[in-house]
Amino acid sequence: MNDIQINNNQLTVTITGMDKLWGFKNRLIIPLDHVSDMTIENREQLNQDGKWRVVQFRAPGLGLPWKQVGTFYGNHKKSYLNVSGNEHILFVTLTNEKYDYLFLTVNNPDELLSEYKRAKQKSVE
């Protein structure tokens, strides 16, 4: 699972539990101005929108039908996934970062999306 904080104009993703080991990461810190979009989707929506096409090859990480953790490549893009199940997937589009996309399962997706929109609005003002 992921613990996500938005403060000081940064998106901080803290990977928890065994996911740290499987995904070879414990934290991602991304400036908010490098986050170009954030949506909440389920796996079916990601497939329909074509966003899941960037998840083809895993290196390194864990790739099981119900759990994906680590770095994935596809369509000349690099993504970091920490996804459990099919629902509440936070899909983040990045610019000028190591990863092009983040796919993250979170407990409180609506709250996070609202917090992100508020933080982005403040940075524009």
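Where does asparagine 8 lie in this chain? Asparagine 8 lies in the loop between strand 1 (2–7) and strand 2, where a strand, like a helix, is a run assigned by DSSP and numbered from the N terminus (helices are H or I with at least four residues, strands are E with at least two). The model is predicted, so local features need pLDDT of at least 70 and side-chain atom pairs count only at pLDDT 80 or more, while totals for chains, interfaces and linings use all residues. Residues are numbered from 1 along each chain as its sequence is written, and side-chain values use heavy atoms, with hydrogens and water left out.

## The chain as a whole

The secondary structure consists of three helices and nine strands, and, read along the sequence, these follow the pattern β-β-α-β-β-α-β-β-β-β-β-α. The radius of gyration of the chain is 14 Å, which agrees with the value near 14 Å that a compact globule of 125 residues would have; the radius is taken over C-alpha atoms, and the globule rule is 2.2 Å times the number of residues to the power 0.38. Along the principal axes, the C-alpha atoms fill a box of roughly 40 × 30 × 25 Å.

Of the 125 residues in the chain, 46% are buried, a term that stands for under 20% relative accessible area, whereas exposed stands for over 50% and partly exposed for values in between (1.4 Å probe, protein chains only). Among contacts with a separation of 6 or more, 45% are between residues 24 or more positions apart, where contact means heavy atoms within 4.5 Å.

## Strands 6 to 9

Strand 6 (residues 67–74) and strand 7 (residues 77–84) run antiparallel and are joined by eight bridges; two strands count as a pair if DSSP finds at least two bridges between them. One of the partnerships here is that of glutamine 68 with valine 83 in strand 7. These two strands form a hairpin with two residues between them, and asparagine 75 in the turn has a positive phi of about 50 degrees.

Strand 7 is also joined to strand 9 (residues 101–105), but these two run parallel, with four bridges. Serine 79 has tyrosine 101 in strand 9 as its bridge partner, and leucine 81 has phenylalanine 103.

Strand 8 (residues 89–94) pairs with strand 9 in the antiparallel sense over five bridges, and in this pairing threonine 93 stands opposite tyrosine 101. Strand 8 and strand 9 form a hairpin with six residues between them, and asparagine 96 in its turn has a positive phi of about 55 degrees.

How many of the residues of strand 9 are buried? Five of its five residues are buried; Tyr101, Phe103 and Thr105 point one way from the strand, while Leu102 and Leu104 point the other way.

## Residues and their surroundings

The table lists the place and relative accessible area of some residues.

| Residue | Place | Relative accessible area |
|---|---|---|
| Threonine 14 | strand 2 (residues 10–15) | 18%, buried |
| Valine 69 | strand 6 | 0%, buried |
| Tyrosine 80 | strand 7 | 0%, buried |
| Histidine 88 | loop between strand 7 and strand 8 | 43%, partly exposed |
| Asparagine 8 | loop between strand 1 (2–7) and strand 2 | 70%, exposed |

Leaving aside neighbours within four places in sequence, valine 69 is in contact with residues including Trp22, Pro60, Leu62 and Tyr80. Valine 69 and asparagine 7 are 62 residues apart in sequence and 25 Å apart in space, C-alpha to C-alpha.

With its neighbours within four places set aside, tyrosine 80 has contacts that include Ile15, Leu28, Val69 and Phe103. Tyrosine 80 and leucine 28 are 52 residues apart in sequence, and their C-alpha atoms are 9.7 Å apart in space. Threonine 14, not counting residues up to four places away in sequence, touches Met1, Asn2, Asp3, Asn26 and Arg27.

## Backbone details

Most residues other than glycine have a negative phi, and most peptide bonds are trans. Asparagine 8 has a positive phi of about 50 degrees although it is not a glycine, and histidine 88, also not a glycine, has a positive phi of about 55 degrees. The peptide bond from alanine 59 to proline 60 is cis, with omega near -15 degrees, and proline 60 has its place in strand 5 (residues 57–64).
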